[in-house]
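Subject: Handover of a structure and the findings from it

Dear colleague,

Please find below the structure that I am handing over to you, together with its sequence. I would be grateful if you could keep it open while reading the notes that come after it.

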Amino acid sequence: MWILLITLLVLVLGGAGVMALYVDDWSRDLTQNHAATAPDHADPRLRPIVTERSIDEATNAVIEGIGTLANWGVVKFESTADRSVILATRTTGLMKFVDDITVTILKKEGQVVIDAESKSRVGKADFGQNPRNLRELTQAVEARLGSE
């Protein structure tokens, strides 16, 4: 009986310890399940991408970038001359939780701005996954756009 209780305790504490490793921001990651890019975000990796490229080039960079990311997929996208919206998902490996990612690409003042948001479908806390989704997406898109 004691062995079972000790084993259970080790599993619970070990699981909590592993989850704690994923928390980047203790003031947000245990209370929110949504993240979005913002021009004044404290983390520069969570700011919109601004590019001189066309909307079509930026849209292609986002779609190609998503295609390189494990467990990501484009669900649908709509595009007009001055705006594209891409809907994507990211699925966690073990529990198969799904996050919905919306990428909006707009022409603003002669430049193209790529904004994104990520939201968990279930739960009240994301343990920092949604900001990680946006950082991962931003890195993949910037790699496709290259240096300007």
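The notes below go from the chain as a whole to individual residues.

Overall architecture

Please bear in mind that this is a predicted model. The chain contains 3 helices and 6 strands. Read from the N terminus, these elements follow the order α-β-β-α-β-β-β-β-α. The chain has 148 residues, and 34% of them count as buried. If one takes the contacts between residues at least 6 apart in sequence, 53% of these join residues at least 24 apart. The accessible surface of the chain amounts to about 9,100 Å², and carbon and sulfur atoms account for 60% of that surface.

Salt bridges

Side chains of opposite charge can pair when their charged atoms come close. In this model the count of salt bridges comes to 4. Three residues, Asp43, Arg45 and Arg135, are linked in a network of such bridges. Within this network, aspartate 43 pairs with arginine 45, with 3.1 Å between the closest N and O atoms. Aspartate 43 also forms a salt bridge with arginine 135, where the closest N and O atoms are 3.3 Å apart. Aspartate 43 lies in the loop between β1 (34-36) and β2 (49-51), whereas arginine 135 belongs to helix α3 (residues 129-145), so this pair ties together parts that are 92 residues apart in sequence.

Are the two partners of that pair buried or exposed? Aspartate 43 has a relative accessible area of 15% and is buried. Arginine 135, at 16% relative accessibility, counts as buried as well. Both assignments follow because buried means under 20% relative accessible area.

A further salt bridge joins arginine 121 to aspartate 100, and here the closest N and O atoms are 2.9 Å apart. This pair also links distant parts of the chain: arginine 121 sits in the loop between β6 (111-120) and α3, while aspartate 100 is in strand β5 (residues 98-108), 21 residues away in sequence. Arginine 121 counts as exposed, at 52% relative accessibility, and aspartate 100 is partly exposed, with a relative accessible area of 29%.

The loop between β1 and β2

The loop that holds aspartate 43 also contains proline 39. Proline 39 is exposed, its relative accessible area being 68%. Apart from its neighbours within four places in sequence, proline 39 is in contact with Arg47 and Pro48. Which residue lies 76 residues from proline 39 in sequence and 9.2 Å from it in space, C-alpha to C-alpha? That residue is aspartate 115.

The N-terminal surface

A nonpolar surface patch of about 760 Å² is made by Met1, Trp2, Leu4, Leu5, Ile6 and Val10. One of these residues, leucine 4, lies in helix α1 (residues 2-22). Leucine 4 counts as exposed, with 60% relative accessibility.

Internal space

How many cavities of 30 Å³ or more does a search of the whole structure find? The search finds 1. About 70 Å³ of space lies in the largest cavity. Its lining is formed by 13 residues, and those nearest its centre are Ile49, Ile114, Ala116, Leu137 and Thr138. The elements that contribute two or more residues to this lining are β6 and α3. Helix α3 gives the most, with 4 residues. Helix α3 is also the element that holds arginine 135, described above as a partner of aspartate 43.

Backbone angles

Two residues other than glycine deserve a note for their positive phi values. In lysine 96, phi is near 60°. Lysine 96 is found in the loop between β4 (83-91) and β5, and counts as exposed at 53% relative accessibility. In glutamate 109, phi is near 50°. Glutamate 109 belongs to the loop between β5 and β6 and, at 87% relative accessibility, counts as exposed. Both residues are classed in this way because exposed means over 50% relative accessible area.

With kind regards

Terms used
Residues are numbered from 1 along each chain as its sequence is written. This is a predicted model: local features need pLDDT of at least 70, side-chain atom pairs count only at pLDDT 80 or more; totals for chains, interfaces and linings use all residues. Side-chain values use heavy atoms; hydrogens and water are left out. Buried means under 20% relative accessible area, exposed over 50%, partly exposed in between (1.4 Å probe, protein chains only). Contact means heavy atoms within 4.5 Å. Accessible areas come from the Shrake-Rupley method with a 1.4 Å probe; for residues, only the protein chains shown count as cover. A salt bridge is a side-chain nitrogen of Lys or Arg within 4 Å of a carboxyl oxygen of Asp or Glu. Patches are made of residues with over 30% relative accessible area and no salt bridge: like charges are joined within 9 Å, nonpolar side chains (Val, Leu, Ile, Met, Phe, Trp, Tyr) within 5 Å. On a 1 Å grid over the protein atoms alone, a cavity is a set of points where a 1.4 Å probe fits but cannot get out, and a pocket is an open set with protein on both sides within 12 Å along at least five of seven lines; lining residues have an atom within 4 Å of a point. Grid points are joined across faces, edges and corners, and a volume is the space filled by probe spheres set on the points.
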